[in-house]
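Please examine the sequence and the structure shown below before reading on. The paragraphs that follow lead from one region to the next.

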Amino acid sequence: MAQTIAPAVSAAPRPDPAVAELLQSVVDTARAIFGAQASSIMLLDAAADELIFEAVSGQGQEFLVGRRFPAGRGIAGWVAASGEPMVVDDLHDSASFDRDIAKSTGYVPNALMAAPLIRGERVLGVLEVLDPSPQARSGLPELDLLGLFARQAAVALHVLTTHAPRSAPDAPSRTELLRLLSEARHLLGE
């Protein structure tokens with residue numbers, strides 16, 4: 001029997017508004033850069049062995065945030081486990097693609113690009129770009145660009161989630177953290 005994405009537990013705390021804003025900005029920018037139908041960030045919940053949709057742009061953005069699926073399944077699961085990016089131009093022929101999970105999200109893409117969000121040796125999650133334009137997934141430079149963008153997002157996410165509360169005098173300001181994202185956008189030529 002196929003597993004489907006489970007709804008988010010209502011008791012789960014919602015992310016810090018700055019984290020939510022950062023992640024939404026990342027998926028919106030990735031979607032624009034790659035001319036995609038959708039983009040998402042799923043963060044790894046290692047204790048539950050699940051990936052959780054934390055930000056979505058395009059298809060599914062109204063209802064996917066907070067939904068979970070098993071971390072060991074599908075292309076996102078493979079990217080999270082391996083720490084390696086992946087491009088699949090035709091998902092109909094991909095043995096790694098979990099069509100049941102895709103159907104449960106309400107959107108079944110034909111192609112995708114995915115890159116891990118890595119900080120140090122730790123995979124924080126996965127950035128996916130669904131149905132990017134054919135030109136945007138044409139080769140290694142594009143996959144490197146997605147990987148670079150995912151790395152910048154992981155660094156900014158790490159800074160937002162691990163530094164002292166903003167009330168501490170030496171804590172980074174929200175402006176500093178958003179500046180990191182702006183620098184990433186500049187590097188990507190947006």
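**A guided reading of the predicted model**

Helix H4 gives the most to the lining of the second largest pocket, with five residues. This is a predicted model, and the pocket is a convenient place at which to enter it. About 160 Å³ of space lies in this second largest pocket. Its lining consists of Gly83, Pro85, Ala115, Pro116, Ile118, Leu143, Asp144, Gly147, Ala150 and Arg151. Two elements, strand S5 (112-119) and H4, each give two or more residues to that lining. By character, the lining of the second largest pocket divides into six nonpolar, two polar and two charged residues.

From the pocket, the reader may turn to the enclosed space. A search of the whole structure finds one cavity of 30 Å³ or more. The largest cavity holds about 270 Å³ of space. Its lining comprises 23 residues, and those nearest its centre are Phe53, Ile101, Ala102, Thr105 and Glu128. The elements that give two or more residues to this lining are strand S1 (38-45), strand S2 (50-58), helix H2 (74-82), helix H3 (99-105) and strand S6 (122-130). Of the elements, S1 gives the most to the lining of the largest cavity, with four residues. The lining of the largest cavity divides into 15 nonpolar residues, five polar residues and three charged residues.

How are the strands S1 and S2 arranged relative to each other? They run antiparallel and are joined by eight bridges. One point at which to follow this pairing is Ala38, which stands opposite Gly58 in S2. The hairpin of S1 and S2 has four residues between the strands. Asp49 lies in this loop between S1 and S2, and its phi is near 55°, a positive value in a residue other than glycine. Most residues other than glycine have a negative phi. The surroundings of Asp49 can also be described by accessibility: Asp49 has a relative accessible area of 48% and is therefore partly exposed, since the term buried applies under 20% and exposed over 50%.

S2 also pairs with strand S3, in the antiparallel sense and over three bridges. In this pairing, Ile52 has Arg68 in S3 as its bridge partner. Eight of the nine residues of S2 are buried, so S2 is largely enclosed by the rest of the structure. The loop between S2 and S3 contains Val65. Is Val65 buried or partly exposed? Its relative accessibility is 33%, so Val65 counts as partly exposed. Val65 and Met42 are 23 residues apart in sequence, and their C-alpha atoms are 8.9 Å apart in space.

Side chains also connect S2 and S3. The structure holds one aromatic pair. The ring centres of Phe53 and Phe69 are 6.1 Å apart and the ring planes stand at 50°, so the pair is tilted. The pair links distant parts of the chain, with Phe53 in strand S2 and Phe69 in strand S3 (residues 68-70), 16 residues apart. Phe53 has a relative accessibility of 6% and therefore counts as buried. Phe69, at 4% relative accessibility, likewise counts as buried. Phe53 thus appears in two parts of this account: Phe53 is among the residues nearest the centre of the largest cavity, and Phe53 is a member of the aromatic pair.

A second positive phi in a residue other than glycine is found beyond strand S6. Phi of Asp131 is near 50°, and Asp131 is found in the loop between S6 and helix H4 (140-162). Is Asp131 buried or exposed? Asp131 has a relative accessible area of 15% and is therefore buried. The two aspartates can be set side by side: Asp49 is partly exposed, whereas Asp131 is buried.

The last element to consider is helix H1 (residues 17-33). H1 has 17 residues and reaches 24 Å from its first C-alpha to its last, close to the 24 Å expected at 1.5 Å a residue. Which residues of H1 are buried? They are Ala18, Val19, Leu22, Leu23, Ser25, Val26, Val27, Thr29 and Ala30. Just after H1, Gly35 takes a positive phi of about 55°.

Terms used
Residues are numbered from 1 along each chain as its sequence is written. This is a predicted model: local features need pLDDT of at least 70, side-chain atom pairs count only at pLDDT 80 or more; totals for chains, interfaces and linings use all residues. Side-chain values use heavy atoms; hydrogens and water are left out. On a 1 Å grid over the protein atoms alone, a cavity is a set of points where a 1.4 Å probe fits but cannot get out, and a pocket is an open set with protein on both sides within 12 Å along at least five of seven lines; lining residues have an atom within 4 Å of a point. Grid points are joined across faces, edges and corners, and a volume is the space filled by probe spheres set on the points. Ala, Val, Leu, Ile, Met, Phe, Trp, Tyr, Cys and Pro count as nonpolar, Asp, Glu, Lys and Arg as charged, and the others, Gly among them, as polar. Buried means under 20% relative accessible area, exposed over 50%, partly exposed in between (1.4 Å probe, protein chains only). The expected span of a helix is 1.5 Å times one less than its number of residues. Rings of Phe, Tyr and Trp (its six-membered ring) pair if their centres lie within 6.5 Å; planes under 30 degrees apart count as stacked, over 60 as edge-to-face and the rest as tilted. Two strands pair if DSSP finds at least two bridges between them.
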